[in-house]
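I opened this structure to look up its sheet, its nonpolar cores and its aromatic pairs. My entries follow in that order.

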Amino acid sequence: MSQKNSDGKRSARERLQEQREREQARVKRKRALIAGVAVVVVLGAGAGVAALVASSGGGKDNKQQTSGPLVAPQGAMGKDNLAIPVGKPEAKATLAVYEDFRCPACALFENGYRDTVHDLEAKGQLKSEYHLVTLIDKNIPGTGSLHAANAAACAQDAGKFTAYHDELYKNQPPETDDAFGKKDRLLELADKAGLNSPAFKRCVEDGTHNSWVQKSQNTFSTSGLQGTPTVLLNGKSIYGPTTPLTPQKFREMVAEAQKG
């Protein structure tokens, strides 16, 4: 392996580590803020402080938008129908991915391994299960994680989940830019994925799957899994700051899984 390639892989791992550290730091700041607010509430600061608490962890807007009926996208599977499947069901290797469309580390994984994953799916060697969560909306107040996940679920209804999923990651805004919170932007990207039906547009604008997305987030938060992306191959974590992975190594792991 050349020194250049080695440095490139090390750089990717460093970027992933830095992203995880930033997310952890935000969680710590959020907890410190909530703890401080709780003290002020005890001291009698009243309704103004209560509003601050509501805005630090998803926000009242998100709660209102996820109060409707729980509607799973077509073909969803697994416990509580929270996984969107891609690939041939008979494949012996299963890739489970827990991700947030606003998460830069998730984009690093998707943009780095997309071609490999799709190739293995097309060959019937791998099936994937996508679990959509909204961590960034909680850490950096916004609605982009929720609305993008709902739009991806709407794309699943239209039989174009993979194409739309990939467009979202190819066009991911900076983490602090809540561009995916704007439904016009989500519909604009849908055109690139061949999604322009009235039913899809209505599903995005109505937030048809918002409550399903919230259920997915709630399940993730109590699962014991740590951060996004969480990438499991047949139940084993294979990707992260301390788990170096290359496309070739991933292919080898999938090939090993084919042996049963």
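I looked up the sheet first and found it open, with five strands in the order β1-β3-β2-β4-β5 and mixed pairing; strands here are DSSP runs of E of at least two residues, helices are runs of H or I of at least four, both numbered from the N terminus, and two strands pair if DSSP finds at least two bridges between them. Because β1 (84-86) and β5 (236-237) stand at the edges with a single partner strand each, one side of each is left without a neighbour in the sheet. Helix α4 (residues 104-122) packs on the sheet and touches β1, β2, β3 and β4 (230-233), its direction making about 150 degrees with that of β3; contact means heavy atoms within 4.5 Å, and axes are lines fitted to C-alpha atoms, for helices over the stretch in contact, with angles from 0 to 180 degrees between N-to-C directions. I noted that β2 (residues 93-99) and β3 (residues 126-132) run parallel and are joined by seven bridges.

On provenance, I recorded that this is a predicted model, in which local features need pLDDT of at least 70 and side-chain atom pairs count only at pLDDT 80 or more, while totals for chains, interfaces and linings use all residues. Residues are numbered from 1 along each chain as its sequence is written, and side-chain values use heavy atoms, with hydrogens and water left out.

Next I asked which residues of the largest nonpolar core touch the most other members. Of its 52 residues, these are F101, L126, Y164, L168, F200 and F250, a core being a set of buried Ala, Val, Leu, Ile, Met, Phe, Trp, Tyr and Cys residues joined through side-chain atoms within 4.5 Å, where buried means under 20% relative accessible area (exposed is over 50%, partly exposed in between; 1.4 Å probe, protein chains only). Helix α6 (residues 144-157) gives the largest share of this core, eight residues. A second, separate core of six residues includes A96, Y98, L135 and F220.

I then searched the whole structure for aromatic pairs and found seven; rings of Phe, Tyr and Trp (its six-membered ring) pair if their centres lie within 6.5 Å, and planes under 30 degrees apart count as stacked, over 60 as edge-to-face and the rest as tilted. Y113 and Y239 are edge-to-face, at 5.7 Å centre to centre and 80 degrees between the planes. This pair links Y113 in helix α4 with Y239 in the loop between β5 and α11 (247-258), 126 residues apart. Y113 is buried at 8% relative accessible area, and Y239 is buried at 9%.
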